[in-house]
Amino acid sequence: MIMPGHVGWTYQGHNATYLGRTTATRQILLPDGTSLPGRAISKLTSGDFGSQGVAARLRRLGAPPPAGEPLAVWLPRALTVIGASTIRHPGKHKYAWQIHHSPAARLAQPARPYPRAIDPTQLHGGNR
């Protein structure tokens, strides 16, 4: 789990309204313990500015150089070679502050109870 127990204490302490979580996603974990953000993947697959920097990062982790193929084709092979893994991320916590307090100005989502910290030793049956 990435940042277990992180529930936004600072937002809660400043009376932000809790709105739930963002959409659950799959994240790619790299052998150095970092993740490969969706934007980095998008840069590679579309050839956007910065794609060469992402490719160089994967090369430093042991990925082979692209063999003349597009980076979008190279990426799955590179991730397999370096031993990247995929995890399910439940979504990030969302908070908001209502700036205008008129009766007409309301948050689009209803407030929810604040989440509480997770004890990392209780994850996965206490095996971690």
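**Exercise 1. In which helix does Ser51 lie, and is Ser51 buried or exposed?**

Solution. The model is a predicted one.
Step 1. Locate the residue: Ser51 belongs to helix H3.
Step 2. Take its relative accessibility, which is 6%. Buried means under 20%, so Ser51 counts as buried.
Step 3. List its contacts, not counting residues up to four places away in sequence: Ser51 touches Lys43, Leu44 and Leu71.

**Exercise 2. Determine how helix H2 passes helix H3, and describe the residues that meet there**.

Solution.
Step 1. Consider the axes of H2 (residues 38-46) and H3 (residues 51-60): they come within 8 Å and cross at roughly 110°.
Step 2. Classify the angle. The range from 65 to 115 degrees counts as roughly perpendicular, and H2 is therefore roughly perpendicular to H3.
Step 3. Assign the hand: the crossing of H2 with H3 is left-handed.
Step 4. Identify the residues in contact. H2 contributes Ala40, Lys43 and Leu44, while H3 contributes Ser51, Val54, Ala55 and Leu58.
Step 5. Sort these residues by class: five are nonpolar, one is polar and one is charged.

**Exercise 3. Which strands form the open sheet of three strands, and in what order?**

Solution.
Step 1. Read off the order, which is E3-E2-E4, with antiparallel pairing.
Step 2. Find the edges. Strand E3 (35-36) and strand E4 (85-89) are the edge strands, each pairing on one side only.
Step 3. Examine the pairing of strand E2 (residues 25-29) with E4: five bridges join these antiparallel strands.
Step 4. Place one residue pair within the sheet: Arg26 stands opposite Arg88 in E4.

**Exercise 4. Describe the pairing and burial of strand E1, then the loop that leads from helix H1 to E1**.

Solution.
Step 1. Establish the partner. E1 pairs with strand E5 (residues 93-96) in the antiparallel sense, over four bridges.
Step 2. Name a bridge: Tyr18 has Tyr95 in E5 as its partner.
Step 3. Assess burial. E1 (residues 17-21) is mostly covered, with four of its five residues buried.
Step 4. Turn to the loop between helix H1 (9-13) and E1, where Asn15 is found. Asn15 has a positive phi of about 60°, although it is not a glycine.
Step 5. Set this against the general rule: most residues other than glycine have a negative phi.
Step 6. Check accessibility. Exposed means over 50%; Asn15 has a relative accessibility of 63% and therefore counts as exposed.

**Exercise 5. Characterise the surroundings of Ala78**.

Solution.
Step 1. Place the residue: Ala78 lies in helix H4 (residues 71-82).
Step 2. Judge its accessibility. Ala78 counts as buried because its relative accessibility is 0%.
Step 3. Find its contacts. Leaving aside neighbours within four places in sequence, Ala78 is in contact with Ala63 and Pro64.
Step 4. Consider a C-alpha separation: Ala78 and Arg59 are 19 residues apart along the chain, and their C-alpha atoms are separated by 8.1 Å.

**Exercise 6. How many helices and strands does the protein have, and what pattern do they follow along the sequence?**

Solution.
Step 1. Count the elements: there are four helices and five strands.
Step 2. Follow them along the sequence, which gives α-β-β-β-α-α-α-β-β.
Step 3. Consider burial across the protein: 26% of its 128 residues count as buried.
Step 4. Consider sequence separation. Among contacts between residues at least 6 apart in sequence, 65% join residues at least 24 apart.

Methods:
Residues are numbered from 1 along each chain as its sequence is written. This is a predicted model: local features need pLDDT of at least 70, side-chain atom pairs count only at pLDDT 80 or more; totals for chains, interfaces and linings use all residues. Side-chain values use heavy atoms; hydrogens and water are left out. Buried means under 20% relative accessible area, exposed over 50%, partly exposed in between (1.4 Å probe, protein chains only). Helices (H or I, at least four residues) and strands (E, at least two) are DSSP runs, numbered from the N terminus. Two strands pair if DSSP finds at least two bridges between them. Axes are lines fitted to C-alpha atoms, for helices over the stretch in contact, and angles run from 0 to 180 degrees between N-to-C directions. Angles under 35 degrees count as roughly parallel, over 145 as roughly antiparallel, 65 to 115 as roughly perpendicular and the rest as oblique. A crossing is left-handed if the near helix is turned anticlockwise from the far one by less than a right angle, and right-handed if clockwise. Contact means heavy atoms within 4.5 Å. Ala, Val, Leu, Ile, Met, Phe, Trp, Tyr, Cys and Pro count as nonpolar, Asp, Glu, Lys and Arg as charged, and the others, Gly among them, as polar.
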